[in-house]
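Got the viewer open and a selection box ready? Here's a short walk through the chains, one stop at a time.

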Amino acid sequence: MKILNRRDFGVAVAAAILLPATTARADDMDVHIDNFVFQPAELTVKVGTTVTWTNRDDIPHTVVSAGKFRSKTLDTDDKFSFTFTNAGDYKYFCSLHPHMTGMIKVE
Amino acid sequence: MSGHDHGDDGVSRRKVLECMTWAGTGVLWTITGGVPRSLGIIDSAQAATAAASGMTFLQISDSHVGFDKPANPNALGTLEEAVNKINAMPAKPSFMIHTGDITHLSKAAEFDNAERIISQSKLDVHYVPGEHDFLDEDVKFYRERYGRGTRGAGWYSFDAGGVHFIGLVNVVDLKAGGLGNLGAEQLAWLEDDLRGKSKSTPIVLFAHIPLWTVYPEWGWGTEDGGRALEYVKGFGSVTVLNGHIHQVMQKVEGNVTFHTARSTAFPQPAPGTAPSPGPMKVEDARLRAMLGVASVNFKQNEQRLAIIDTPLQG
Ligand SMILES: [Cu+2]
């Protein structure tokens, strides 16, 4: 365990040095899928932010933004992450249940 | 469910249970005088009579093989129970249709397991896919197994017992904010398929998602379903069968009868009665008392279909 911890620590330090401040972990954001709803449905983030979606339903869902990103099918508790490197409005939806929609505003 | 009396007449508890019965073992259909009529498969006498007088076929749906969450940890087991029930029928139906969501996650092993159980019925099965059957990366498992001889994403038609059957696919190319979708190519094919057919030919359309708008807030409907219904409007008898919503619901509109089948896997709530259309959990002890079948009788000259839900136990 000690060796593992030390290695993890080393990776974390290297990452912190290489990446600009805007991608620090504190800025990363989460969206949950509960009861066939993306929560929050709309999220405003800074360029460089990584958003992670987690499916907490008993039914699989997807996260799809046409031409931008597309998750695999997320079973219960599966996660999908995407890092936004460009500003803009990213509308997305679940390709299995298209009435489920959301938006990430990147500024 | 409508028409049930929930008063305190001593049978109210039983009636409540009947209202909540869920595990479909399928609906048996018979063609009498060119009009499809549905029967409960447990009613042996009716089934035997129907079989003697003409063609019968069976509908099962939403098996979700691979689903293992609390609402039903053993969806494969309840599918097997449904097939056992089919095998116990006194008269064999001509064939079966499966209105989609055979599997839960489109995994090869899930398709294998579904096939192993369903084939025990020794019936020809005509499938249409549900959205859960198209989850593999290349969307090839369903097509390789069931797509032979079909067009596009898997639509086709065939004739049996003087009835023209049309299997439609409304689970591809779904648009953000939208409902189920047939698409221009499939609609053009449908129009062509019906061209030249005698208007007295009974038509059975079957698809996974309802072709009529049941509850758009939960995506329960098909964006361009109305177009398909336009094409069949002139026919004397049209029956539209689907799954997806895991509960019995029906309506008659002119010459068109709409009927949704139950799931063999888990129940879903009635429109708007829960925060989401997700699986409805019931206590284990009540589960078996809530297994049952629906007998739906289509009586001509009546606006409503008569439904009798029968629990397996209780
Ligand atoms: Cu979804």
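Which residue in β2(A) does His32(A) stand opposite? Select His32(A) and look across: the residue facing it is Gln39(A). Keep in mind throughout that this is a predicted model.

**Stop 1: around β1 of chain A**

Stay with β1(A) and β2(A) for a moment. The two run antiparallel and are joined by three bridges. Together they make a hairpin with two residues between the strands, and Asn35(A) in the turn has a positive phi of about 50°.

Now colour residues 50-55 of chain A, which is strand β4. This strand runs parallel to β1 (residues 29-34), with five bridges joining the pair. For a landmark, pick Met29(A), which stands opposite Val51(A) in β4(A). If you show side chains here, remember the usual pattern: in a regular strand they alternate between the two faces of the sheet.

Next, step just past Gln39(A). The peptide bond from there to Pro40(A) is cis, with omega near -5°. Pro40(A) sits in the loop between β2 (37-39) and β3 (42-45) of chain A.

**Stop 2: a salt bridge inside chain A**

Select Lys105(A) and Asp89(A). They form a salt bridge, with the closest N and O atoms 3.5 Å apart. The pair ties together distant parts of the chain: Lys105(A) belongs to strand β9 (residues 101-106) and Asp89(A) to strand β8 (residues 88-93), 16 residues apart. Over all chains, the whole structure has seven salt bridges.

**Stop 3: where the chains meet**

Show both chains and pick out the contact, which takes 16 residues from chain A and 25 residues from chain B. About 1,600 Å² is buried between the two chains, and carbon and sulfur atoms give 65% of that area. On the chain A side, highlight Asp58(A), Pro98(A) and His99(A): these supply 33% of the area that chain A buries against chain B, more than any other three residues.

How many salt bridges are there between chain A and chain B? The count is one. To see it, select Lys281(B) and Asp58(A), whose closest N and O atoms are 3.3 Å apart. Three residue pairs are in polar contact across the interface. The chain A residues on this side divide into six nonpolar, seven polar and three charged.

**Stop 4: the sheet in chain B**

Hide chain A and bring up the open sheet of six strands, ordered β6-β7-β8-β9-β11-β10 in chain B, with mixed pairing. Check the edges, β6 (156-160) and β10 (249-253): each has a single partner strand, so one side of each is left without a neighbour in the sheet. Neighbouring strands are turned by 15° against each other on average, direction ignored.

Zoom in on β8 (residues 203-206) and β9 (residues 238-242) of chain B, which pair in the parallel sense over four bridges. Here Ile203(B) stands opposite Val238(B).

Then add the helices. Helix α6 (residues 184-194) of chain B packs on the sheet, touching β6, β7 (163-167) and β8, with its direction at about 170° to that of β7(B). Helix α7 (residues 225-232) of chain B lies across β8, β9 and β11 (256-260), and runs at about 170° to β8(B).

**Stop 5: two backbone oddities in chain B**

Finish with two loops. Asp173(B), in the loop between β7 and α6, has a phi near 55°, a positive value in a residue other than glycine. Val139(B) is not a glycine either, yet has a positive phi of about 45°; look for Val139(B) in the loop between β5 (125-127) and α5 (141-146) of chain B.

Note on methods:
Residues numbered from 1 in each chain as written. Chains lettered and ligands numbered in written order. Predicted model: local features only at pLDDT ≥ 70, side-chain atom pairs only at ≥ 80, totals over all residues. Heavy atoms only, no water. Pairing = 2+ DSSP bridges. Axes fitted to C-alpha atoms, helices over the stretch in contact; angles between N-to-C directions. Contact = heavy atoms within 4.5 Å. Buried area = accessible area lost by both parts, 1.4 Å probe. Salt bridge = Lys/Arg side-chain N within 4 Å of Asp/Glu carboxyl O. Polar contact = N/O pair within 3.5 Å; in protein donor to acceptor, adjacent residues only side chain to side chain. Nonpolar A, V, L, I, M, F, W, Y, C, P; charged D, E, K, R; others polar.
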